[in-house]
Amino acid sequence: MSFNKEADYRVNFRENGKILSVEITCCGKHIGEIRFEDGQTKVCPECGVTHSVKIQHNHFHLSRIK
Ligand SMILES: [Zn+2]
């Protein structure tokens with residue numbers, strides 16, 4: 001099974017230090033950028049995996065849901 005072996009998240013910050021957005025690379029390709037907001041998702045057109053942002057009180061998760 002080789003899916004997501006090249007997945008990568010790049011987090012962009014504002015000048016005030018707050019997180020602005022997350023750029024997602026999956027299957028070795030840049031598949032797009034999502035706003036850093038709870039519940040935001042992006043589906044990879046190559047492998048169909050959903051990448052999601054979950055923000056909790058003092059941390060956040062970047063997850064892949066098959
Ligand atoms: Zn993919």
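The following legends describe close-up views of one chain, taken from a predicted model.

**View 1. The whole chain is built from six strands and zero helices.**
Read from the N terminus on, the elements follow one another as β-β-β-β-β-β. The C-alpha atoms occupy a box of roughly 40 × 20 × 15 Å along the principal axes, and the radius of gyration is 12 Å, which agrees with the value near 11 Å that a compact globule of 66 residues would have. Of these 66 residues, 11% count as buried. Among the contacts with a separation of 6 or more, 13% are made by residues 24 or more positions apart.

**View 2. Confidence in the model, element by element.**
The average pLDDT of the chain is 91, and 92% of the residues score at least 70. Among the elements, the highest mean pLDDT, 97, belongs to strand β4 (residues 41-43), whereas the lowest, 93, belongs to strand β6 (residues 59-65).

**View 3. An open sheet of three strands in the order β1-β2-β3.**
The pairing within this sheet is antiparallel, and its edges are formed by β1 (8-13) and β3 (29-35), each of which pairs on one side only. On average, and with direction ignored, neighbouring strands of this sheet are turned by 20 degrees against each other. Strand β2 (residues 19-26) is joined to β3 by six bridges, and β1 is likewise joined to β2 by six bridges. Two facing positions can be picked out along these pairings: Phe 13 stands opposite Ile 19 in β2, while Ile 24 stands opposite Gly 32 in β3. The edge strand β1 is hardly covered, since the count of buried residues among its six residues is zero.

**View 4. The hairpin of β1 and β2, with five residues between the strands.**
Within this hairpin, Gly 17 takes a positive phi near 90 degrees. Glu 15 also has its place in the loop between β1 and β2, and Glu 15 is exposed because 6 other C-beta atoms lie within 10 Å, where a residue counts as exposed with 12 or fewer. The C-alpha atom of Glu 15 is separated by 24 Å from that of Ser 52, a residue 37 positions away along the chain.

**View 5. The largest nonpolar core, with six residues in all.**
The members of this core are Val 22, Ile 24, Cys 26, Cys 44, Val 49 and Val 53. Strand β2 supplies the largest share of the core, namely three residues. One of the core residues, Ile 24, is also the residue that stands opposite Gly 32 in β3, so that this view may be read together with View 3. In a regular strand the side chains alternate between the two faces of the sheet.

**View 6. A second group of three strands, an open sheet in the order β4-β5-β6.**
Here too the pairing is antiparallel, and the edge strands are β4 and β6, each of them pairing on one side only. Neighbouring strands of this sheet are turned by 15 degrees against each other on average, with direction ignored. Strand β5 (residues 50-56) pairs with β4 in the antiparallel sense over three bridges, and along the edge of β5 that faces β4, Thr 50 stands opposite Val 43.

How values were computed. Residues numbered from 1 in each chain as written. Predicted model: local features only at pLDDT ≥ 70, side-chain atom pairs only at ≥ 80, totals over all residues. Helix = DSSP H or I, 4+ residues; strand = E, 2+ residues; numbered from the N terminus. Rg over C-alpha atoms; globule rule 2.2 N^0.38 Å. Buried ≥ 20, exposed ≤ 12 C-beta atoms within 10 Å, placed from the backbone. Contact = placed C-beta atoms within 7 Å. Pairing = 2+ DSSP bridges. Axes fitted to C-alpha atoms, helices over the stretch in contact; angles between N-to-C directions. pLDDT = per-residue confidence, 0-100. Core = buried A, V, L, I, M, F, W, Y, C linked by C-beta atoms within 7 Å.
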